[in-house]
Amino acid sequence: CLARHPCATVRRTKEVLMADIIAKNREYWVNCSNSKLGGGKFYLAQSLLLERIAQKYVEPDMTVLDIGCGNGENTKLLSNHCRSITGFDLSENLLAEARSANALTNGGYASLDLEAENWELPAPVDMIFCLGVFTTIHDWSVLVRAVREFNRSLKPEGLLVMRDTLSTGNTRINTKKNGYSGIYRSERHYLRLFEKNGFVRQDFIPIVRGVNFIGFHVFRPVG
């Protein structure tokens with residue numbers, strides 16, 4: 001485009017549209033009462049694999065955090081394997097359901113907004129689980145801040161378990177009519193986020209394979 005003003009207008013229009021998508025996505029999660037966007041078979045497979053991961057990596061004397069705990073189903077599952085666990089979520093609706101339907105005898109639930117200016121996790125802890133959260137956050141700086149805080153919170157021998165939808169190609173955005181928009185980052189871009197902020201991946205357990213794929217990434221702190 002050779003004319004300055006038309007180019008600027010197009011760019012500004014794209015920025016406004018993206019800002020609207022991000023705002024609607026945040027509103028969706030703040031008011032969310034059902035975080036299950038996939039089918040029943042997917043969540044069954046995820047639960048079975050999460051149980052295997054817990055048996056392999058979680059030990060009875062561990063302190064565990066579950067970031068983006070939703071209704072607490074995964075938190076409850078993990079609580080059977082550790083000494084104590086805390087589930088965190090942005091949605092007060094989901095936290096209320098977690099406290100009611102998946103109450104914990106060795107932990108509890110608390111509010112957490114990863115997009116807030118100042119927040120800290122309990123430290124030191126043995127393991128952090130963060131399942132499906134990064135797919136819902138568009139701002140890269142928020143992810144960097146979160147990964148660095150995960151690193152600070154974990155013990156040197158601790159582990160971070162992530163689960164997000166990634167792309168084998170370029171990063172793309174999946175927008176739905178209900179306001180939710182997921183960002184499917186390229187695997188290369190995703191892994192670089194952790195490598196540049198103190199982690200190395202030591203295990204990957206796939207759930208769904210395809211152009212867009214989902215699985216559990218197990219990271220350990222380095223340096």
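**Exercise 1. Decide whether Ser 79 is buried or exposed in this predicted model, and describe its surroundings.**

Step 1. The relative accessibility of Ser 79 is 9%, and the cut-off for a buried residue is under 20%.

Step 2. Ser 79 therefore counts as buried.

Step 3. As for its place in the fold, Ser 79 belongs to helix H3, which covers residues 73-79.

Step 4. Once neighbours within four places in sequence are set aside, the residues in contact with Ser 79 are Ile 85, Leu 104 and Asn 106.

**Exercise 2. Locate Asn 102, classify its accessibility, and list which residues it touches beyond four places in sequence.**

Step 1. Asn 102 sits in the loop between helix H4 (92-101) and S3.

Step 2. Its relative accessibility is 13%, so Asn 102 counts as buried although it is placed in a loop.

Step 3. Leaving out residues up to four places away in sequence, Asn 102 touches Asn 71, Gly 72, Glu 73, Lys 76, Glu 97 and Tyr 109.

**Exercise 3. Work out where Gly 87 lies, whether it is buried or exposed, and how many Å separate it from Asn 170.**

Step 1. Gly 87 is part of strand S2, which is formed by residues 84-89.

Step 2. With a relative accessible area of 0%, Gly 87 is buried.

Step 3. Apart from neighbours within four places in sequence, Gly 87 is in contact with Asp 66, Cys 69, Thr 75, Leu 95, Gly 108, Tyr 109 and Ala 110; Tyr 109 also appears among the residues that Asn 102 touches.

Step 4. Between Gly 87 and Asn 170, which are 83 residues apart in sequence, the C-alpha to C-alpha distance is 32 Å.

**Exercise 4. Classify the accessibility of Ala 123 and state what separates its C-alpha atom from that of Ser 153.**

Step 1. Ala 123 is found in the loop that runs between strand S3 (107-111) and strand S4 (125-131).

Step 2. Because its relative accessibility is 42%, Ala 123 counts as partly exposed.

Step 3. Ala 123 and Ser 153 are 30 residues apart along the chain, yet their C-alpha atoms are separated by 4.5 Å.

Step 4. When residues up to four places away in sequence are not counted, Ala 123 touches Arg 152 and Ser 153.

**Exercise 5. Count the aromatic pairs, and determine how the rings of Phe 194 and Phe 199 are arranged.**

Step 1. The count comes to 11 aromatic pairs.

Step 2. For Phe 194 and Phe 199, the ring centres are 6.5 Å apart and the angle between the planes is 75°, where planes over 60 degrees apart count as edge-to-face.

Step 3. The pair formed by Phe 194 and Phe 199 is accordingly edge-to-face, and both Phe 194 and Phe 199 are buried.

Step 4. These two residues belong to one aromatic cluster, together with Phe 134, Phe 150, Tyr 190 and Phe 219.

**Exercise 6. Describe the secondary structure of the chain and explain why it is judged as compact as a globular protein of its length.**

Step 1. The chain has 6 helices and 9 strands.

Step 2. Its radius of gyration is 18 Å, close to the 17 Å that the globule rule gives for 223 residues, so the chain is as compact as a globular protein of that length.

Step 3. Along the principal axes, the C-alpha atoms fill a box of roughly 65 × 40 × 35 Å.

Step 4. Of the 223 residues, 48% count as buried, and 64% of the contacts between residues at least 6 apart in sequence join residues at least 24 apart.

Notes
Residues numbered from 1 in each chain as written. Predicted model: local features only at pLDDT ≥ 70, side-chain atom pairs only at ≥ 80, totals over all residues. Heavy atoms only, no water. Helix = DSSP H or I, 4+ residues; strand = E, 2+ residues; numbered from the N terminus. Rg over C-alpha atoms; globule rule 2.2 N^0.38 Å. Buried < 20%, exposed > 50% of the residue type's maximum accessible area, 1.4 Å probe, protein only. Contact = heavy atoms within 4.5 Å. Phe/Tyr/Trp six-rings, centres within 6.5 Å; stacked < 30°, edge-to-face > 60°.
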